[in-house]
Amino acid sequence: MSSKRTIQEWRHAIDVLNSYAAEFSGMEDKILPLLKYSYDRLKGDQVKSCLLYFALFPEDKIPKEKLIEYWICEGTIDGREGIEKTENKGYDIIGSLVRAYVRMEEFDHNGKGYVRMHDVVREMALWIASDLGKQKEAFIVRAGVGLYEIPKVKNWNVVRRMSLMNNKIVHLAGNPECLKLTTLLLQRANLSNIFGEFFKSMPKLVVLDISGNKYIFELPDEISNLVSLQYLIARVYKT
């Protein structure tokens, strides 16, 4: 929306927003249509996909480097042109999103770049990722909410991405059938026991992050059976 300059551009924006009105109800009448309009105006599906990925994180600072690594491994950014060109593309996408006022950017004293997503924009991204709220279990994000166990899911087969970072889960158990799951983020989840059966039915899992769990002393052999896995972040601590 910030790119609008002329009266004609703003009139066109109003016309488009009016056309959305029939698609929303309740609170969504007032907030989400405006945000979705800005989302729809982003250039290209690639940039839109990158924005939706941010919804997996809480409002903490997210390192740009790590985001780009996730995007490359999931295939959101094509990595075949070489690491330097691919990373440059990632930074360009981040820059375009920052300029669109959908995210906030900051740097630490070492010049390392971070981004944050405003909570309202994050809710919009989750809403879009879940097919405008029709499939809320497609993106399951319960980051930093004090969970002590894996949340109950009615239909694991619709889950495509799950973020349970920054929790108190301790035990990763069960055997969920996650045929569409591509991303599982469990960093700093306080895990100490990971049972191999948990990973038996995840044929499309590409990104698995279990870093920052200082009580993990070994990984189950079943992780080696994740045939689609491209990106594993794990640190096993010595006893």
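Start in the loop between β5 (161-163) and β6 (171-172) and select Asn166, which is placed there. The model is a predicted one. Show the backbone: Asn166 has a positive phi of about 60°, although it is not a glycine. Asn166 is partly exposed, its relative accessible area being 22%.

Stay in this loop and select Val170, which also lies between β5 and β6. Val170 has a phi near 70°, again a positive value in a residue other than glycine. Its relative accessible area is 24%, so Val170 counts as partly exposed.

Next, colour the sheet. Which strands form it, and in what order? Five strands make up an open sheet, and they run β4-β5-β7-β9-β10. The pairing is parallel. On average, neighbouring strands of this sheet are turned by 5° against each other, direction ignored.

Now select the edges of the sheet, β4 (139-141) and β10 (231-233). Why is one side of each left without a neighbour in the sheet? Each of these two strands has a single partner strand, so its other side has no neighbour there.

At the β10 edge, add strand β9 (residues 207-209) to the selection. β9 and β10 pair in the parallel sense, over three bridges. To look at one residue pair, pick Asp209 and then Ile233, its bridge partner in β10.

Move on to helix α4 (residues 64-74) and select Glu74, which belongs to this helix. Is Glu74 buried or exposed? Its relative accessibility is 19%, and because buried means under 20%, Glu74 counts as buried.

Show the side chains of Glu74 and Arg161: a polar contact of 2.9 Å joins them. Arg161 falls within the residue range of β5 (161-163), the strand that precedes the loop where the tour began.

Then display what else surrounds Glu74. Which residues is Glu74 in contact with, leaving aside neighbours within four places in sequence? They are Tyr53, Arg161, Thr182, Thr183, Val206 and Val207. Of these, Val207 falls within the range given for β9 (residues 207-209).

For the last stop, go to helix α2 (residues 32-40) and select Leu34, which is placed in that helix. Leu34 has a relative accessibility of 41% and counts as partly exposed. Add Met124 and draw a distance between the two C-alpha atoms: Leu34 and Met124 are 9.9 Å apart in space. In sequence, Leu34 and Met124 are 90 residues apart.

Terms used: Residues are numbered from 1 along each chain as its sequence is written. This is a predicted model: local features need pLDDT of at least 70, side-chain atom pairs count only at pLDDT 80 or more; totals for chains, interfaces and linings use all residues. Side-chain values use heavy atoms; hydrogens and water are left out. Helices (H or I, at least four residues) and strands (E, at least two) are DSSP runs, numbered from the N terminus. Buried means under 20% relative accessible area, exposed over 50%, partly exposed in between (1.4 Å probe, protein chains only). A polar contact is a pair of N or O atoms within 3.5 Å; within protein, one must be able to donate a hydrogen and the other to accept it, and residues adjacent in sequence count only if both atoms are side-chain atoms. Contact means heavy atoms within 4.5 Å. Two strands pair if DSSP finds at least two bridges between them. Axes are lines fitted to C-alpha atoms, for helices over the stretch in contact, and angles run from 0 to 180 degrees between N-to-C directions.
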